[in-house]
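Got the viewer open and the selection panel ready? Let's take a walk through this one, stop by stop.

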Amino acid sequence: MALKSGDSFDRIFLADNRFQAEGYREGFDEGTRLGMLEGRTHGASHGARVCAEVSFYYGFALTWKSLLDNKMDAKSRKHLKCVDGLMSMIQTFPYDNPQAEGLLENMQKIRTKFRQVCSVMSVPTDFSDYTRGSSQMSF
């Protein structure tokens, strides 16, 4: 079966289209795979930072709660009420559902409540000197 010259040209032209489509499909698949990998890595990193921040606030609140529990003056009761409010917000934070509605708003409310507690108790809110040392630790 002999090919006509037009058929040869059509095969060459169609081969170019076919190679372009295959290249696009392979590039798209590779980009999707790498995007998923990068997204997973970014999500894990961001989630770890959020959990570390919430854990810091919880440790702060737990420490102050234990210090204020035995004091009965009006000022300490006011401080304890603020600390209890912060602990309540932290305990209802959706740790296990990163797609929870209002997650970012809840995190912002916790940060705001933390600043309020620090203001009421006259405690500085800048703890960078204390948290910086932990990043230099290695096991």
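Start by selecting L104 and S119: both are exposed, and they sit on the other side of α3 from its buried residues. This is a predicted model, so keep in mind that local features are taken only where pLDDT is at least 70. Now add M107, I110, K113, F114, V117 and C118, which are the buried residues of α3. They share one side of the helix, because the arc they cover around the axis is only 135 degrees.

While you're here, draw a distance between the end C-alpha atoms of α3, residues 103-120. You should get 26 Å, which agrees with the span expected for 18 residues at 1.5 Å a residue. Just after the helix, click on S122: its phi is positive, near 55 degrees.

**Next: helix α2**

Select residues 74-91. Here too the end C-alpha atoms are 26 Å apart, in agreement with the 26 Å that 18 residues should span. Colour S76, H79, L80, C82, V83, L86, M87 and I90, the buried residues of α2. They lie on the same side of α2, since they cover an arc of only 160 degrees around the axis. Flip to the other side of α2 and you'll find A74, K78 and K81 exposed.

**Next: the charged pairs**

Side chains of opposite charge can pair when their charged atoms come close. How many salt bridges does a search of the whole structure find? It finds five, and a few of them make good stops.

Go to R111 and E53 for one of them: their closest N and O atoms are 2.7 Å apart. R111 belongs to helix α3 and E53 to helix α1, so this pair ties together parts that are 58 residues apart in sequence. R111 counts as partly exposed, at 24% relative accessibility.

Then select D84 and K65, a salt bridge with closest N and O atoms 3.2 Å apart. This one also links distant parts of the chain, with D84 in helix α2 and K65 in helix α1, 19 residues apart. Both ends are partly exposed: D84 has a relative accessible area of 31%, and K65 is at 24%. Add D69 to the selection, and you have a network of salt bridges linking K65, D69 and D84.

For a pair within one helix, pick R33 and E30, whose closest N and O atoms are 2.8 Å apart. They are three residues apart in helix α1, so about one helical turn separates them. R33 is partly exposed with a relative accessible area of 46%, and E30 is partly exposed at 37%.

**Next: a greasy spot on the surface**

Switch on the surface and select F9, F13 and L14. Together they make a nonpolar surface patch of about 350 Å². F13 is placed in helix α1, residues 5-68, and it counts as partly exposed at 46% relative accessibility.

**Last stop: zoom out**

Which secondary structure elements does the protein have? Four helices and zero strands, running α-α-α-α from the N terminus on. Of its 139 residues, 19% count as buried. The accessible surface comes to about 10,900 Å², with 58% of that belonging to carbon and sulfur atoms. If you turn on a contact map, look at pairs at least 6 apart in sequence: 60% of those contacts join residues at least 24 apart.

How values were computed: Residues are numbered from 1 along each chain as its sequence is written. This is a predicted model: local features need pLDDT of at least 70, side-chain atom pairs count only at pLDDT 80 or more; totals for chains, interfaces and linings use all residues. Side-chain values use heavy atoms; hydrogens and water are left out. Patches are made of residues with over 30% relative accessible area and no salt bridge: like charges are joined within 9 Å, nonpolar side chains (Val, Leu, Ile, Met, Phe, Trp, Tyr) within 5 Å. Accessible areas come from the Shrake-Rupley method with a 1.4 Å probe; for residues, only the protein chains shown count as cover. A salt bridge is a side-chain nitrogen of Lys or Arg within 4 Å of a carboxyl oxygen of Asp or Glu. Helices (H or I, at least four residues) and strands (E, at least two) are DSSP runs, numbered from the N terminus. Buried means under 20% relative accessible area, exposed over 50%, partly exposed in between (1.4 Å probe, protein chains only). The expected span of a helix is 1.5 Å times one less than its number of residues. The arc is that of the directions from the helix axis to the C-beta atoms. Contact means heavy atoms within 4.5 Å.
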